[in-house]
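Biologist: Got a minute to walk me through this one? I'd like a rough tour before I go back to the bench.

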Amino acid sequence: MTGAGSGIGRALAVDLAARGARLALSDVDRDGLEATAVRCEARGAEVRTDQLDVTEREAVLAYAAATRAHFGVVNQVYANAGIAYYGEVAREEFKDIERVLDVNFWGVVNTAKAFLPHLIDSGDGHVVAVSSLFGLITLPGQSSYSASKFAVRGFTESLRQEMLVARHPVRVSCVHPGGIRTSVARSAGVADGLDPDSVARVFDRRMALHSPEMAARTILTGVRRQRARILIGGEAKLFDLLNRVTPIGSQRFWAWYSRFLAVAPRKQAS
Ligand SMILES: NC(=O)c1ccc[n+]([C@@H]2O[C@H](COP(=O)([O-])OP(=O)(O)OC[C@H]3O[C@@H](n4cnc5c(N)ncnc54)[C@H](O)[C@@H]3O)[C@@H](O)[C@H]2O)c1
């Protein structure tokens, strides 16, 4: 699992530990990762931890090989690591857009591709890629994040089809969480001139409806049922439905609604 040091990844790891899984946990944040490992070990799980940045392709490939060598078999991979970013296209820097794509999209590609041969060899594999509600709908200020999460969805859905066509024993699920109470917004990047605290406040007050534990339970139920698409939260299902009924109407609705999600300008130092 990638991004196991916080939020949804941590809750998934703890839930899997309680179900008796042997776990390979990774994150770029060593302290967060160790804290997750302690909780999993307290539930009796065998845990391997690796500090890993999912954008470093060679490291991800080596990590997949080391995990296979360590456990002898790899049955499931959770490509969960991700970062949030808020900012209008006119304000954001190219390098910020690239960073969001690097972590959220290329991180999933690196992870899925590195583990795929091992999952096929297992005879009973599953790729679980974490996209977002913003991989189904878009909001103003979310162009980079949405682009990365739509890309995860496209990549993952095509991979699923390939596994079916080739009759490989690998299921593929794409996860679309609604608002989950994690530190994702607090760690988010923001475009120049915007107040990062305001982004986190808007997220905490208006969007973060569900606990990471609920998200983990929903994901693991979906994995057990071999769902291609796992939506988390009633709002994710409702907004997905609205988007399918009226894709352009949905865009207009969110453009209008975004006034209630307005992010404040950065405070000037006094
Ligand atoms: N929280 C939500 O409302 C929400 C909604 C939709 C989708 N998601 C997605 O769920 C996933 C998990 O997010 P979360 O909400 O638990 O956030 P989080 O910030 O609590 O956890 C994300 C984890 O990813 C790690 N990470 C960040 N960059 C990394 C990198 N380059 N390499 C390895 N690890 C890295 C962080 O250290 C952190 O531990 C993300 O992909 C996020 O986009 C979250």
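Modeller: Sure, let's start with α5: this helix has 24 residues and reaches 34 Å from its first C-alpha to its last, close to the 34 Å expected at 1.5 Å a residue. Keep in mind that the model is predicted.

Biologist: Okay, which residues of α5 are buried?

Modeller: The buried ones are S144, Y145, S146, S148, K149, V152, T156, L159 and M163.

Biologist: And what do those buried residues pack against?

Modeller: They pack against β4 (85-86), α4 (94-122), β5 (125-130) and β6. In an α-helix there are 3.6 residues a turn, so residues three or four places apart point the same way.

Biologist: Pick one for me, say S148. Is S148 buried or exposed?

Modeller: S148 sits in helix α5, and S148 counts as buried because its relative accessibility is 0%, with the cut-off for buried being under 20%.

Biologist: What is S148 in contact with, leaving aside neighbours within four places in sequence?

Modeller: With that filter, S148 contacts V100, L101, N104 and F105.

Biologist: What follows α5?

Modeller: R167 does, and its phi is positive, near 55°. R167 isn't a glycine. Most residues other than glycine have a negative phi.

Biologist: Where is R167, then? And is R167 buried or exposed?

Modeller: R167 is in the loop between α5 (143-166) and β6 (170-177). R167 is exposed, since its relative accessibility is 76% and anything over 50% gets that label.

Biologist: What about Q226, what's its phi like?

Modeller: Phi of Q226 is near 60°, a positive value in a residue other than glycine. You'll find Q226 in the loop between α7 (212-224) and β8 (229-232). Q226 is partly exposed, with a relative accessible area of 41%.

Biologist: Switching topic: how many disulfides does the structure hold?

Modeller: Zero. A disulfide is a covalent bond between the sulfur atoms of two cysteines. As for cysteines you might look at, C40 is buried at 0% relative accessibility, and C174 is buried as well, with a relative accessible area of 1%.

Biologist: Now pockets. What volume does the second largest pocket have?

Modeller: About 540 Å³. That pocket is lined by 22 residues, and L16, A21, R22, N75 and Q76 lie nearest its centre.

Biologist: Which elements each supply at least two residues of the lining of that second largest pocket?

Modeller: β1 (23-27), α3 (57-71), β3 (76-79) and α7 each do.

Biologist: And how do the lining residues of the second largest pocket divide into nonpolar, polar and charged?

Modeller: There are 13 nonpolar, five polar and four charged.

Biologist: Let's look at G178. Where does G178 lie?

Modeller: G178 is in the loop between β6 and β7 (189-190). G178 counts as buried because its relative accessible area is 17%, and the cut-off is under 20%.

Biologist: What does G178 touch, not counting residues up to four places away in sequence?

Modeller: Not counting those, G178 touches L133, I232, E235 and A236. Also, G178 and A215 are 37 residues apart along the chain, with their C-alpha atoms separated by 9.1 Å.

Biologist: What about R206 and L220, how are their C-alpha atoms separated?

Modeller: By 26 Å, and R206 and L220 are 14 residues apart along the chain. R206 belongs to helix α6 (residues 196-207) and is partly exposed, with a relative accessible area of 48%. Leaving aside neighbours within four places in sequence, R206 is in contact with F260 and L261.

Biologist: Last one, P265. Where does P265 lie?

Modeller: P265 is in the segment after α9 (247-257), and P265 is exposed, with a relative accessible area of 61%.

Biologist: What does P265 touch, not counting residues up to four places away in sequence?

Modeller: Those would be G193, L194 and D195. P265 and L238 are 27 residues apart in sequence, and their C-alpha atoms are 31 Å apart in space.

Biologist: Great, thanks for the tour.

Key
Residues numbered from 1 in each chain as written. Predicted model: local features only at pLDDT ≥ 70, side-chain atom pairs only at ≥ 80, totals over all residues. Heavy atoms only, no water. Helix = DSSP H or I, 4+ residues; strand = E, 2+ residues; numbered from the N terminus. Buried < 20%, exposed > 50% of the residue type's maximum accessible area, 1.4 Å probe, protein only. Disulfide = S-S within 2.5 Å. 1 Å grid on protein atoms, 1.4 Å probe; cavity = no way out; pocket = protein on both sides within 12 Å on 5 of 7 lines; lining within 4 Å. Points joined across faces, edges and corners; volume = space filled by probe spheres on them. Nonpolar A, V, L, I, M, F, W, Y, C, P; charged D, E, K, R; others polar. Expected span 1.5 Å × (residues − 1). Contact = heavy atoms within 4.5 Å.
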